[in-house]
Amino acid sequence: MDVNEAPLVIQGGMGVAVSSWGLAREVSRTGNLGVVSGTALDAVLARALQDGDPGGHRRRALAHFPDQDMVGRALERYYRPEGREGRPYRPNPTLTITPSTPAVELSVLGNFVEVWLAKEGHDGPIGINFLEKIQMGTPTAVLGAMIAGVDHVLMGAGIPREIPRLLRDFEAGRPGGVTIDVVGATRRHVSTVDPVAVMGAHLPRLRRPQFYAIVSLHSLATYLYRDPEIRPDGFVVEGPPAGGHSAPPRGRMTLDERGEPVYGARDEADLGAIAKIGLPFWLAGAHGTPEGVAAALEAGAAGIQAGTIFALSEDSGLDPGIRRGMLEALARDELVVRNDPRASPTGFPFKIANVPDTMSEEETYEARPRLCDLSYLRSPYERPDGSVGYRCASEPVDAYLKKGGAIEDTVGRMCLCNGLMANIGIGQERKDGYAEQPAVTLGQDLGGAARLLAAHPQGWTAAEAVDWLCSGVDPAQRISTRDHSSVR
Ligand SMILES: Cc1cc2nc3c(=O)[nH]c(=O)nc-3n(C[C@H](O)[C@H](O)[C@H](O)COP(=O)(O)O)c2cc1C
């Protein structure tokens with residue numbers, strides 16, 4: 001697929017590493033857009049290396065990184081040929097507004113490796129998905145992905161107005177940064193990375209990837225479109241049933257009898273208004289069926305972005321035991337996904353799948369000693385003296401309160417960072433014997449997955465999912481982004 005041709009199917013970025021390099025590569029090989037999740041790839045790399053680098057994939061990718069001294073430092077610190085031999089994973093540097101050199105290097109390498117592996121052995125395009133909420137990790141992660149030649153960047157869970165400029169700055173070899181939302185800020189805080197300072201003479205020529213903003217409403221799409229400085233190249237329009245985080249309902253949040261946020265007509269994007277903008281767009285959230293694809297094309301979209309059917313495919317990064325358990329529950333019609341307004345420390349609603357022995361169960365949730373060590377979802381705040389501190393609503397309550405946090409923010413919060421790591425089989429096992437348990441997310445529409453399971457009782461591959469999605473589409477219906485570029 002030409003990078004300028006709009007894909008019919010985007011396989012959504014699903015964190016952490018559910019949209020693994022293997023999944024994205026398989027989708028890209030079908031001529032559609034495979035996307036790796038860009039969340040926490042520093043920790044994913046560090047932990048894979050500590051587990052002996054199964055298959056040798058990470059070291060194969062690292063051997064192609066332009067600065068081998070940097071690679072040497074990371075291998076020295078994390079690579080354990082024999083694995084951890086029962087020891088906990090060593091902590092990796094946490095994100096801050098001004099990250100340490102080891103933090104910058106691990107993030108650049110982690111993102112490089114994931115994109116490089118996803119692109120290996122074919123010439124299809126690969127995207128990377130970031131969460132606007134994880135602002136402090138964005139510049140270094142984007143740099144690593146661009147060094148690997150990433151073709152598309154996608155970002156949701158916020159208003160990604162600064163990403164187009166960041167991509168242009170890095171393309172020009174200039175320092176690039178994003179403004180950091182700091183609670184109680186009396187001044188602007190920016191996290192900046194200088195590609196030349198990080199890479200020195202090893203900095204390759206960077207190419208600007210296409211940027212797709214993930215939005216829930218047409219008003220946001222219109223806002224981003226209006227100003228050429230912040231204009232993306234396309235939109236993914238994501239509705240409330242999508243997996244992971246989703247935008248809260250507009251206005252005051254009300255909950256239904258199951259404790260889930262109630263969405264109404266005001267939360268539905270006006271697709272006519274989005275189509276009028278003229279940029280390519282894809283519909284996400286309960287569109288992962290052939291009928292969903294047809295409806296999207298009918299609405300003027302270039303196609304769809306799907307998550308759930310890929311998360312449950314054989315190529316997904318989910319731990320195989322968890323995935324099989326969910327498929328068995330789906331076959332019995334017992335798999336339920338709840339939209340939990342409290343689970344995520346970000347305050348955004350987060351989908352939680354009911355899976356035995358995971359955080360969806362009260363007992364498992366209560367048994368976890370609160371602790372914050374991965375820290376991706378921490379919020380920076382300004383102290384009275386102007387210095388910056390970091391807090392997470394899922395950390396120990398007394399620590400959070402001491403940092404000025406409100407007690408009501410801590411109720412029902414889960415440690416998504418550690419839970420999402422456990423989902424992909426790299427959960428922390430602590431010195432005191434406590435092993436982090438999974439916190440599994442999926443989309444709330446399981447209809448497509450149920451139909452795929454009926455057709456493939458032994459499971460399906462990502463390519464089979466793509467084939468099924470595209471089964472009713474006439475190739476002439478595909479839109480080219482070149483056609484769209486003329487309307488700018
Ligand atoms: C397991 C899982 C994890 C997800 N994680 C993220 C994420 O980290 N960032 C993001 O922007 N979207 C995330 N999503 C949303 C997907 O990228 C996609 O837009 C959405 O799931 C599409 O809806 P569908 O699941 O009904 O197909 C996730 C979805 C799933 C199923």
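**Reading buried residues and hidden spaces**

Mentor: Start with helix 16, whose buried residues are Leu416, Cys417, Asn418, Gly419, Leu420, Met421, Ala422 and Asn423. Buried means under 20% relative accessible area, exposed over 50%, with partly exposed in between (1.4 Å probe, protein chains only). Helices (H or I, at least four residues) and strands (E, at least two) are DSSP runs, numbered from the N terminus. Keep in mind that this is a predicted model, where local features need pLDDT of at least 70, side-chain atom pairs count only at pLDDT 80 or more, and totals for chains, interfaces and linings use all residues. Residues are numbered from 1 along each chain as its sequence is written, and side-chain values use heavy atoms, leaving out hydrogens and water.

Trainee: Why is helix 16 largely enclosed by the rest of the structure?

Mentor: Because eight of the eight residues of helix 16 (416-423) are buried. The cover over them includes helix 2, helix 13 (320-331) and strand 12 (350-353). Right after helix 16, Gly425 has a positive phi of about 80°.

Trainee: How do I read a charged residue, and where does Glu162 lie?

Mentor: Look for a salt bridge, a side-chain nitrogen of Lys or Arg within 4 Å of a carboxyl oxygen of Asp or Glu. Lys and Arg count as positive, Asp and Glu as negative, while His and the chain ends are not counted. Glu162 sits in the loop between strand 4 (152-156) and helix 7 (163-171). Glu162 is buried but has no salt bridge, and Arg188, the nearest side chain of opposite charge, is 4.2 Å away. Leaving aside residues up to four places away in sequence, Glu162 touches (heavy atoms within 4.5 Å) Gly177, Val178, Thr179 and Arg188.

Trainee: What about empty space: how many cavities of 30 Å³ or more are there?

Mentor: Rolling a probe the size of a water molecule over the atoms shows where empty space is left. A cavity is a set of points on a 1 Å grid over the protein atoms alone where a 1.4 Å probe fits but cannot get out; lining residues have an atom within 4 Å of a point. Volume is the space filled by probe spheres on those points, joined across faces, edges and corners. The search finds two cavities of that kind. The largest has a volume of about 140 Å³, and among its 15 lining residues Gly38, Ala40, Ile134, Gly137 and Ala141 are closest to its centre.

Trainee: And which residues are closest to the centre of the second largest cavity?

Mentor: Cys372, Cys392, Ser394, Cys415 and Cys417, out of 15 that line that cavity. Its volume is about 70 Å³.

Conventions
1 Å grid on protein atoms, 1.4 Å probe; cavity = no way out; pocket = protein on both sides within 12 Å on 5 of 7 lines; lining within 4 Å.
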